[in-house]
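Biologist: Hello! Could you walk me through this model, one question at a time?

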Amino acid sequence: MPGGTTLCRQGDPPDALYIVVSGALGAFREAEHGRLTRIGEIGAGETVGEMALLTGGTRTATVKCLRDSELIRLSRAGFEALIERHPRAVMPIACFVTERLARAHTRPRYALRPKTFALVPHDAGVPLMDVAKAFAEALRHHGATEILLAENAASRTPDWFHRLECACDYLVYVADQQPTAWTRLCLRQVDCAVLVARTSAMASAWPALAPDPTGASEGPRRELVLLRQAGERPSGTAGWLAETGAALAHHVETPADLARMVRALTGRAVGLVLSGGGARGFAHIGVARALRQSGIPIDLLGGTSMGAVVAASIASGWDDYEVVARNRRCFVDTNPLADVTIPIVSLFKGAKVSALLRREFGETTLIEDLPQPFFCVTANLTRGRSDVHDRGPLARWLRASVAIPGIIRPVFDHGEVNVDGGVINNLPVDVMRGLGRGPVIGVDVSTDDTFTAASDAEAEIPLWQRVLGRRRRGVPNIMQILWRAGTVNSGAALRAVSEQTDLLIQPPLESIDMLDWKAFDRAIEAGYAHTMRLLERTPRPLPESGG
């Protein structure tokens with residue numbers, strides 16, 4: 001059966017048992033809106049359809065060929081005759097079904113583990129062989145890798161491809177620009193189509209992605225690679241994503257960019273997720289510096305509120321010095337909360353915060369054009385949910401992510417009210433984990449027990465004392481109360497999502513108030529020192545796949 005074709009569909013009656021001789025099949029479960037979610041893979045030597053034959057029920061999953069595959073079909077009548085003649089044959093089949101059920105209920109920690117890739121050029125200007133050699137060399141750091149060209153592989157049998165795949169860790173197919181027979185074979189044989197274009201080119205349809213006349217309805221997962229010249233800024237990514245339907249865009253200029261892309265493609269990318277926490281969020285800068293100095297790569301970034309701002313700083317390609325300088329200029333050298341307004345919607349307009357974010361990150365910068373993959377989280381009060389933003393205007397969604405309810409005016413978008421993501425999800429490691437790209441580091445700077453009041457704090461402060469600027473010690477002010485109220489839900493959520501991190505970093509920041517912007521340097525140093533101590537105590541803080 002050609003790669004991409006469907007063997008059976010969820011809900012079909014059981015007609016046969018299939019044994020995979022060569023190639024690979026994927027099992028998919030129907031999700032909402034009819035979309036298919038991949039739940040497992042069936043390799044050579046494994047069977048398909050035995051569960052429905054044993055139970056008499058319908059097919060529990062849709063099965064598609066991930067490669068050109070050879071199968072042996074045993075009809076239902078043949079299966080029943082086999083069991084009647086050899087009853088003990090049912091035992092190993094039952095054991096195999098039990099193991100498969102156990103695997104299906106255990107979500108893999110790193111979901112994306114492709115081992116075969118097709119490099120597909122958009123146009124003749126793409127230096128495809130140079131890319132293929134560099135890509136294969138980067139893959140060889142993780143395992144044995146072979147490059148396949150039309151002249152030495154186009155006429156091979158499915159069994160030859162299967163044996164080569166068994167002998168190697170990774171295969172790189174170099175496809176043609178046009179939908180030739182070789183290109184169609186490449187797309188049927190691989191887990192992932194790596195679509196390569198130049199940032200300087202205009203986004204347009206991909207010639208090689210024309211429908212396959214063999215009837216393969218769906219191709220492999222797509223990833224977009226945009227090559228840029230030295231000093232060239234990423235741009236136009238939205239158009240390329242729309243044309244390709246790619247899962248992720250990778251901006252490649254340097255060998256370091258290529259290595260990061262390979263980690264992301266093979267489930268080895270390190271995702272860094274940063275929580276909200278007001279001025280304490282500056283500790284994230286120190287944490288990131290410690291990770292970099294310790295040789296731990298930061299490949300994908302995400303965050304909430306101030307954590308989103310710091311994460312976007314890193315995703316913008318700024319070095320440690322520039323991250324410090326720009327954030328100091330934005331939040332310390334000037335007061336971001338200086339535009340007091342009549343407190344109908346909020347205490348502050350938020351216009352100054354918007355202007356500062358646009359100045360540092362650019363008026364028109366889009367999230368998808370950042371050099372590194374990034375997302376931020378907001379709370380959608382209209383729909384009562386957490387929204388994830390991995391595309392669209394960067395400054396706008398950062399502004400929404402820091403909009404503490406009652407303090408900073410919300411961001412209104414198409415009639416919906418968006419505020420600080422910490423209201424619902426202050427440490428969105430679940431979002432990063434859902435990408436399935438590799439280990440996840442979570443940094444929480446928000447949780448502690450310092451939000452307290454003196455035992456007599458409920459006593460009313462006389463008006464004349466308030467007019468004179470006096471306040472009872474131990475009494476939180478209105479901004480502290482609103483800030484805490486806006487993120488109080490995050491404590492329980494943190495306990496739930498912290499289990500999804502491979503490394504959880506919680507710097508001691510009890511002495512730093514969430515609104516103390518002047519504690520900038522102290523917060524950075526606290527984050528740096530704590531992370532360095534943690535990494536010294538834990539020589540291998542991340543799984544091996546993070547290397």
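**A salt bridge and its neighbours**

Modeller: Gladly, and let's begin with Asp15, which is partly exposed at 36% relative accessibility. Please keep in mind that this is a predicted model.

Biologist: Which residue forms a salt bridge with Asp15, and how far apart are the closest N and O atoms?

Modeller: The partner is Arg59, which sits in the loop between α1 and β6, while Asp15 sits in the loop between β1 and β2. The pair therefore ties together parts that are 44 residues apart in sequence. The salt bridge joins Asp15 to Arg59, with the closest N and O atoms at 2.7 Å.

Biologist: Is Arg59 buried or exposed?

Modeller: The cut-off for buried is under 20% relative accessible area. Arg59 has a relative accessible area of 5%, so Arg59 is buried.

Biologist: Where is Glu416, and which residue is its salt-bridge partner?

Modeller: Glu416 lies in strand β19 and counts as buried at 15% relative accessibility. The closest N and O atoms of this salt bridge are 2.4 Å apart, and the partner is Arg383. That pair links distant parts of the chain, 33 residues apart, with Arg383 in the loop between β16 and β17. At a relative accessible area of 52%, the exposed partner of Glu416 is Arg383.

Biologist: How far apart in helix α9 are Arg260 and Asp257?

Modeller: These two residues form a salt bridge, with closest N and O atoms 2.9 Å apart, and both are buried. An α-helix has 3.6 residues a turn, so residues three or four places apart point the same way. Arg260 and Asp257 are three residues apart, which means a separation of about one helical turn.

Biologist: How many salt bridges does the structure hold?

Modeller: Some of the charged residues are linked in a network, namely Glu322, Arg326, Arg329, Arg359 and Glu360. For the structure, the number of salt bridges is 26.

Biologist: Now to the strands. What is the strand order in the open sheet of three strands?

Modeller: The pairing in this sheet is antiparallel, and six bridges join β2 to β7. β5 and β7 stand at the edges with a single partner strand each, so one side of each has no neighbour in the sheet. The order is β5-β2-β7.

Biologist: Which helix packs on that sheet?

Modeller: The helix touches β2 and β7, and its direction makes about 70° with that of β7. The helix spans residues 76–85 and is α2.

Biologist: Why is β10 described as largely enclosed?

Modeller: Both faces of β10 are covered, with Tyr170, Val172 and Val174 buried on one side and Leu171 and Tyr173 buried on the other. β10 also pairs in the parallel sense with β8 over four bridges, and with β9 in the parallel sense over four bridges. It is largely enclosed by the rest of the structure because the buried residues number five of five.

Biologist: How many residues of α7 are buried?

Modeller: Among the buried ones are Trp182, Leu185 and Cys186. What covers the buried residues of α7 includes β8, β9, α5, α6, β10 and β11. This helix, residues 181–189, is mostly covered, and the buried count is seven of nine.

Biologist: Last one: what is the area of the nonpolar surface patch that includes Val21?

Modeller: Val21 lies in strand β2 and is partly exposed, with a relative accessible area of 39%. Ile19, Val21 and Ile72 make the patch, and its area is about 220 Å².

Key. Residues are numbered from 1 along each chain as its sequence is written. This is a predicted model: local features need pLDDT of at least 70, side-chain atom pairs count only at pLDDT 80 or more; totals for chains, interfaces and linings use all residues. Side-chain values use heavy atoms; hydrogens and water are left out. Buried means under 20% relative accessible area, exposed over 50%, partly exposed in between (1.4 Å probe, protein chains only). Helices (H or I, at least four residues) and strands (E, at least two) are DSSP runs, numbered from the N terminus. Contact means heavy atoms within 4.5 Å. Two strands pair if DSSP finds at least two bridges between them. Axes are lines fitted to C-alpha atoms, for helices over the stretch in contact, and angles run from 0 to 180 degrees between N-to-C directions. Patches are made of residues with over 30% relative accessible area and no salt bridge: like charges are joined within 9 Å, nonpolar side chains (Val, Leu, Ile, Met, Phe, Trp, Tyr) within 5 Å. Accessible areas come from the Shrake-Rupley method with a 1.4 Å probe; for residues, only the protein chains shown count as cover. A salt bridge is a side-chain nitrogen of Lys or Arg within 4 Å of a carboxyl oxygen of Asp or Glu.
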